[in-house]
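This report describes one protein chain, section by section, for a reader who is new to structural models. Please keep the sequence and the structure in view while reading.

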Amino acid sequence: MSEPVEPAKRYLIRTFGCQMNEHDSERIAGLFEADGMTAATDVDDADVVVLNTCCIRENADNKLYGTLGHLKSVKDRRPGMEIVVSGCLAQKDQEGIRERAPYVDLVFGTHNVHQATELLHRSRAEGPLTEILAETVADDHELFPSAMPAHREHGHTAWVTIQIGCDNSCAFCIVPAVRGGEISRPFDRLVHEVADLAAAGVTEVTLLGQNVNSYGRDLTLAARQAGDDVRVRPLFADLLRAVGAVEGIRRVRYTSPHPKDLRPETIAAMAETAAVCEHLHLPVQSGSDRVLAAMHRGYTAERYLEKLAAARAEIVDLAVTTDIIVGFPGETDHDFEQTLALAAAAEYDSAYSFIYSPRAGTEAAELVDRYVPADVIAARFDRLKVVLERSALAKHRDRIGRVEEVVVEGPSRKDPSVLTGRTRQNKLVHFASAEPLRVGTFAEVEVTDAAPHFLRGRLLEVTASARHRTRIPVAAG
Ligand code: SF4
């Protein structure tokens, strides 16, 4: 008589935070699926629930512990359910997580993603486990999320991690502490990986890193130290050109660049490489030189605007977006007025504005005596929102009547009777289609209406079908 076959375990991953975290979640999903697990649709259906945390966003701790409290009640009903916490908060709080939530089965950090399955097996065999590597020790194949099996929601797009860590020291940011210094992935390996993705039908890649435009500086430095006659310099512009030249890749995006490292050769590569999208996300954070200096951002408002003007002069129809922090410790009314002035002058297509919230372990969090009162921050935030939305609406109205290339992303979340597509400038366009169009389809749409956060349009024609299979295994290059 044959042994009864145990049903495959089902996993659910909840991601809090940035694209790097979402990318890590895809890799964890890929590793779980390679281990025979299948995706669950909700917590009640899941044998393993992973909370992939972020300590960059506001209230990260509260959100994590609130969610863990809910999971505890599920686990009380179903003791076999396993709870895993990964990501930046795990890296930062380490044992503190299991001290506050002893029912958590496994905690692993940002440098352990490649071990997700192995650690889960160990926690089953050995009992609750916390495993946090202080820094990356694996070789390239294991080190970078892109070099591991991946499960992606949309098969036509892929994120490719080109670099991890950050060499900067922005006073508000915990990333250098939890992700370590910059390490760039080898150039040729990246290009091969993108070629493999294109062969599998991916048409759009987003190059990911904390400070993408310094990509490669460590590689050239290492080569020079090894005796090669090379100039120490970033290789990001070269990478944009090489990835943009891969056959089948029609759109290349990247996030995030640092304004101080935005070099003329990157602007030139964007302008001259047809596949690189006309979208620049350039986080300014503040318009006050005093605040920018306190943040250690390494540029002034004037220098930032000069770089923006240089990019707009060279890249035709460039959309520009940004991040702005309101209420950094010590921000005065005058500082804030300068942020409003910069936001108006920069004429952003859209912006993410954040209310400053302290992250334990950062320099800014120590400036307790300079915290700005919450009501003052809230009023400033509302004033900034008005300026940003006015600018976004003006930019979007300028596009009415234009024909835009969009890639279909699926039914609109708010109105499933229409489709949503994304333009090269990263704008969402909602439009009706008599035929169902597969995610990843390229189409031409005439823009008919505009709002601050989206466009509406009329489908003119489908220009290319989606090429990807539904599920794409990502192989290391
Ligand atoms: S550049 Fe600054 S904000 Fe960005 S990851 Fe590095 S330290 Fe954080």
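## The shell around the ligand

The ligand is surrounded by Cys166, Asn168, Ser169, Cys170, Cys173, Val175, Pro176, Gln210, Asn211 and His258. A residue belongs to such a shell if its C-beta atom, placed from the backbone, lies within 6 Å of the molecule. By class, this shell has five nonpolar residues, five polar residues and no charged ones. Here Ala, Val, Leu, Ile, Met, Phe, Trp, Tyr, Cys and Pro count as nonpolar, Asp, Glu, Lys and Arg as charged, and the others, Gly among them, as polar.

## Basis of the model and its confidence

The model is predicted: local features need pLDDT of at least 70, side-chain atom pairs count only at pLDDT 80 or more, and totals for chains, interfaces and linings use all residues. Residues are numbered from 1 along each chain as its sequence is written.

The chain has a mean pLDDT (the predictor's confidence in each residue, from 0 to 100) of 88, and 91% of its residues reach 70 or more. Residues 137–142 have a pLDDT below 50, and in the model this stretch makes ten contacts beyond near neighbours in sequence. Two residues are in contact if their C-beta atoms, placed from the backbone, lie within 7 Å. Residues 471–477 also have pLDDT under 50, with 19 contacts beyond four places in sequence. Where pLDDT is low, the predicted coordinates should not be read in detail.

## Domains and their interface

The chain is divided into domain 1 (10–131), domain 2 (152–277), domain 3 (282–398) and domain 4 (403–464). These bounds come from an automatic or database domain assignment. The centres of domain 2 and domain 3, taken over C-alpha atoms, are 25 Å apart.

Between these two domains, 17 residues of domain 2 are in contact with 23 residues of domain 3. Helix H11 (residues 264–272) supplies five residues, the largest share of the side of domain 2 that touches domain 3. Helices (H or I, at least four residues) and strands (E, at least two) are DSSP runs, numbered from the N terminus. The domain 2 side of this interface consists of 14 nonpolar, two polar and one charged residues.

## Nonpolar cores

A nonpolar core is a set of buried Ala, Val, Leu, Ile, Met, Phe, Trp, Tyr and Cys residues joined through C-beta atoms within 7 Å. A residue is buried if 20 or more other C-beta atoms lie within 10 Å of its own, exposed if 12 or fewer, and partly exposed in between, with C-beta atoms placed from the backbone.

The largest core has 100 residues, and those with the most contacts inside it are Val160, Val194, Val205, Leu240 and Val243. Apart from it lies another core of 15 residues, including Val407, Val429, Leu437 and Val445.

## Backbone features in loops

Most residues other than glycine have a negative phi, and most peptide bonds are trans. Threonine 255 and serine 256, however, are joined by a cis peptide bond, with omega about -5 degrees. Serine 256 is in the loop between strand S11 (251–255) and H11.

Glutamine 285, which is not a glycine, has a positive phi of about 75 degrees. The loop between strand S12 (279–281) and H12 holds glutamine 285. Is glutamine 285 buried or exposed? Glutamine 285 counts as buried because it has 24 C-beta neighbours inside 10 Å. Glutamate 347 also has a positive phi, near 50 degrees, and is found in the loop between helix H14 (333–346) and strand S14 (350–355). Glutamate 347 has 14 other C-beta atoms within 10 Å, so it is partly exposed.

## Two further loop residues

Glutamate 278 lies in the loop between H11 and S12. This glutamate is partly exposed, because 17 other C-beta atoms lie within 10 Å. Leaving out residues up to four places away in sequence, glutamate 278 touches Ile315, Val316, Asp317, Leu318, Ala319, Arg424 and Gln425.

Aspartate 105 is in the loop between helix H4 (95–100) and strand S5 (106–108). With 20 other C-beta atoms within 10 Å, aspartate 105 is buried. Its C-alpha atom is separated by 8.4 Å from that of threonine 130, and the two residues are 25 apart along the chain.
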